[in-house]
Amino acid sequence: MLAAFAAAAALLYIAFIFPTRWLKIERVRHPLGAGVRILQISDLHVDKLRISGKKLQDAIRRTEPDYIFLTGDYTFKGSCLPVLDRYIGMIAEAGVPLYAVLGNHDYNFPGLYRLIGVLERHGVTVLRNESLELPEFTLVGIDNYGTGHSRIEDAYRNVDGSGEKPVVVITHDPNIVPVLRRPFDYLMSGHLHGKQMNVPFFFSFVPKGPLPAQGIYKGLNQCPSGTYYISKGIGQAGINARFMVRSEITLHEI
């Protein structure tokens with residue numbers, strides 16, 4: 001009986017917990033002529049994160065990115081703010097320029113500006129429906145769509161559209177894509193966790209918007225406005241487990 005219980009416990013651990021500890025570095029090559037490497041870290045969810053800061057630092061060193069983009073959902077718990085501070089500090093130690101957008105969980109945070117303050121204290125530029133010119137491309141940060149905070153025209157206000165530089169968009173919820181009529185060369189998002197529990201009809205029981213309803217919830221995809229990528233994320237929401245979906249950070253070579 002004891003052996004059977006141990007075997008069942010081990011099987012459950014391997015199936016549901018191990019994928020949350022086994023970090024995968026996805027590598028995506030989408031040449032736009034910018035000649036840069038961007039490391040995307042999405043859905044930290046530090047309240048339910050099993051990837052250590054040390055492992056993240058090792059991954060940053062191995063991938064040698066030119067930029068790091070954080071695409072939302074840091075935590076919604078005030079008690080986890082010191083944990084977030086520690087993680088962001090460890091990421092920032094790499095000395096790589098950091099840019100971020102906010103996610104739906106962040107808008108449930110008690111005192112959003114305290115969360116933003118943690119990011120900015122470590123040198124993270126938080127983009128809330130705004131753009132900026134970087135040497136190699138124009139970066140557009142669109143606020144979270146699902147909570148009604150996206151302002152597409154505000155985000156694109158200073159984008160000249162001349163085509164001299166690629167336009168790269170970062171946002172949290174990829175469900176903005178069907179309503180995003182402004183052109184982009186590349187868009188990075190998260191939110192859907194690669195389904196997190198990779199079982200049939202999952203998004204029928206847990207509806208997450210029009211894209212997953214069409215079977216689009218991870219990886220590289222195309223739409224009339226441009227190419228977009230949906231990260232599986234690094235942390236978990238809801239149940240602190242993954243099934244057949246590993247925690248992910250993504251190196252984009254553009």
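## Two words to start with

A residue is called exposed when its relative accessible area is over 50%, and buried when that area is under 20%. Keep those two words in mind as you look at this structure, which is a predicted model.

## The whole protein

Let's begin with the overall picture. The protein has seven helices and 12 strands. Its radius of gyration is 18 Å, close to the 18 Å that the globule rule gives for 254 residues, so the protein is as compact as a globular protein of that length. If you lay the C-alpha trace along its principal axes, it spans about 70 × 40 × 35 Å.

Of the 254 residues, 54% are buried. The chain also makes plenty of long-range links: take the contacts between residues at least 6 apart in sequence, and 75% of them join residues at least 24 apart. On the outside, the accessible surface comes to about 11,200 Å², and carbon and sulfur atoms account for 57% of that. As for charge, there are 27 positive and 23 negative side chains, with the centres of the two sets 10 Å apart.

## Helix H2 and its two sides

Now zoom in on helix H2, residues 53-63. Its buried residues are Gly53, Leu56, Gln57, Ala59, Ile60 and Thr63. Looking down the axis of H2, you'd find these buried residues within an arc of 160°, so they line one face of the helix. Here's some background for that pattern: an α-helix has 3.6 residues a turn, so residues three or four places apart point the same way.

What do the buried residues of H2 pack against? Their partners are strands S1 (24-29), S2 (37-41), S3 (67-71) and S12 (248-253), along with helix H3 (81-92). Turn to the face of H2 that points away from the buried side and you meet Arg61 and Arg62, both exposed. Just after H2 comes glutamate 64, which takes a positive phi of about 50°.

## Helix H4, told the same way

Helix H4 covers residues 112-121, and its buried residues are Leu112, Leu115, Ile116, Val118 and Leu119. Seen down the axis of H4, they fall within an arc of 150°, so they line one face of this helix. Those buried residues pack against S3, H3 and strand S5 (124-126).

Which residues are exposed on the other side of H4? They are Tyr113 and Arg121. After H4 comes glycine 123, with a positive phi near 85°.

## Two loop residues

Leucine 49 sits in the loop between S2 and H2. Is leucine 49 buried or exposed? Its relative accessibility is 13%, and the cut-off for buried is under 20%, so leucine 49 counts as buried. Setting aside neighbours within four places in sequence, leucine 49 is in contact with Leu44, Tyr87, Ile234 and Gly235. Tyrosine 67 is 18 residues away from leucine 49 along the chain, and their C-alpha atoms are separated by 23 Å.

Glycine 146 belongs to another loop, the one between strand S7 (138-141) and helix H5 (152-155). Its relative accessibility is 55%, and exposed means over 50%, so glycine 146 counts as exposed. From glycine 146 to valine 179 is 33 residues in sequence, while the distance in space is 12 Å, C-alpha to C-alpha.

Key. Residues are numbered from 1 along each chain as its sequence is written. This is a predicted model: local features need pLDDT of at least 70, side-chain atom pairs count only at pLDDT 80 or more; totals for chains, interfaces and linings use all residues. Side-chain values use heavy atoms; hydrogens and water are left out. Buried means under 20% relative accessible area, exposed over 50%, partly exposed in between (1.4 Å probe, protein chains only). Helices (H or I, at least four residues) and strands (E, at least two) are DSSP runs, numbered from the N terminus. The arc is that of the directions from the helix axis to the C-beta atoms. Contact means heavy atoms within 4.5 Å. The radius of gyration is taken over C-alpha atoms; the globule rule is 2.2 Å times the number of residues to the power 0.38. Accessible areas come from the Shrake-Rupley method with a 1.4 Å probe; for residues, only the protein chains shown count as cover. Lys and Arg count as positive and Asp and Glu as negative; His and the chain ends are not counted. The place of a charge is taken as NZ of Lys, CZ of Arg, CG of Asp or CD of Glu.
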